[in-house]
Amino acid sequence: MKNIILTEQSNEDTKNIDLMNSFEIARAINNEDKKVALAVEKELEHIGKGIDIISSAFLKGGRLAYFGAGTSGRLGVLDASECWPTYGVDFSMVQGFIAGGEKALRLPVENAEDIEEFGLEDLKSFNPTSKDVVVGISASGNPKYVLAVLKKAQELGASTIGISSNPNAKLQEFSDVFICTVVGQEAITGSSRMKSGTAQKMVLNMLSTGAMIKIGKTYQNYMIDMKLVNEKLIERGARFVSQICGVDENEALDLLNKSGKSVKTACVMKAKNCDKKTAEAMLAEHNGILRKVI
């Protein structure tokens, strides 16, 4: 057993899961899931360092890229794709890559994680510089795809972060910060889309959200740079303006419309009793950080 990496070991607490009824199966999986947040909690110091690295890169015009295979790659692509609508950043600022390419987002390309060239090709398309941050995600921390990416990224001067659930992950050798969420054995042996995947999702949420907070993409806990691209989001934006500025939602919606659908600009317009152009200039003067303006 000692030669089997942690993420591949059998879980004694679920060894008879195939004999359980449906409620018992759900309870057994839920009991395992309860361990995830505690494992993430033990890595908060490292996660905080990761947030600092990423936010510092953003403030210098740098970018963030996630690389992973299978579930890990899909989670990276998911986190990257949600940064644009949530925080209004350019698509190129946060990118996600998965071993096997676009096809692997929907269909399994299981051998892709073993091909170093795939990783190097994806990294080349990202074209990292010393300003950028490259994050390798893997439950085992050993796929050649991810290792090749992190090793080359370091050689190119980029900052690197490794995320794994295996304390003996090889990727830590090429990681400036190593985040290891030791969630233990999976409910289904080797099914790292479960606890390991959940831990990865939580860590990625913290890294990207924390970095966006630190560069001024929120005011209090409001998403003030979100893209208002549908009715739900316009309604949410008006509510944010209403709550931040202490006005009713009709006035908030009017401010939002006059601001060009920008929560941040609308708030400055109200707080400083100015027009859109003046509000935008004030924000630009303070690097877009609303709290420094109002």
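Which residue's side chain does Lys195 meet in a salt bridge? Hi everyone, let me start there. The partner is Glu32, and the N to O distance is 2.7 Å. Please keep in mind that this is a predicted model.

What I like about this contact is where its two ends sit. Lys195 belongs to helix H6, residues 195–214, while Glu32 belongs to helix H1, residues 22–41. The two are 163 residues apart, so the pair links distant parts of the chain. Are they buried or exposed? Lys195 and Glu32 are both buried. They also have company: Asp13 and Lys35 join Glu32 and Lys195 in a network of salt bridges.

Let's widen the view. How many salt bridges does the structure hold? The count is 14, and I'd like to show you two others.

Please look at helix H5, residues 144–155. Here Glu155 pairs with Lys151, with 2.9 Å between the closest N and O atoms. These two residues are four apart, about one turn of the helix. Lys151 has a relative accessibility of 40%, so it counts as partly exposed.

Now over to Lys270, which forms a salt bridge with Glu251, again with the closest N and O atoms 2.9 Å apart. This pair links distant parts of the chain as well: Lys270 is in helix H9, residues 263–272, and Glu251 is in helix H8, residues 249–258, with 19 residues separating them. Both ends are partly exposed, Lys270 at 33% relative accessibility and Glu251 at 31%.

On to the cysteines. A disulfide is a covalent bond between the sulfur atoms of two cysteines. How many disulfides does a search of the whole structure find? Zero. Cys267 is a nice case to look at: its nearest cysteine sulfur, that of Cys245, is 3.8 Å away. Why is that pair not a disulfide? Because the two sulfur atoms would have to be within 2.5 Å. Cys267 is buried, with a relative accessible area of 0%. Cys83 is buried too, at 4%.

Last stop, the surface. Which residues form a negative patch there? They are Glu231, Glu235, Asp248 and Glu249. Glu231 lies in helix H7, which covers residues 231–245. With a relative accessible area of 71%, Glu231 is exposed, in contrast to the buried Lys195 and Glu32 we began with.

That's my tour, and I'm happy to go back to any of these spots. Thanks for listening!

Definitions and conventions:
Residues numbered from 1 in each chain as written. Predicted model: local features only at pLDDT ≥ 70, side-chain atom pairs only at ≥ 80, totals over all residues. Heavy atoms only, no water. Patch = residues over 30% accessible without salt bridge, like charges linked within 9 Å, V, L, I, M, F, W, Y side chains within 5 Å. Areas by Shrake-Rupley, 256 points an atom, 1.4 Å probe, with all protein chains shown as cover. Salt bridge = Lys/Arg side-chain N within 4 Å of Asp/Glu carboxyl O. Lys, Arg positive; Asp, Glu negative; His and termini not counted. Charge placed at Lys NZ, Arg CZ, Asp CG, Glu CD. Buried < 20%, exposed > 50% of the residue type's maximum accessible area, 1.4 Å probe, protein only.
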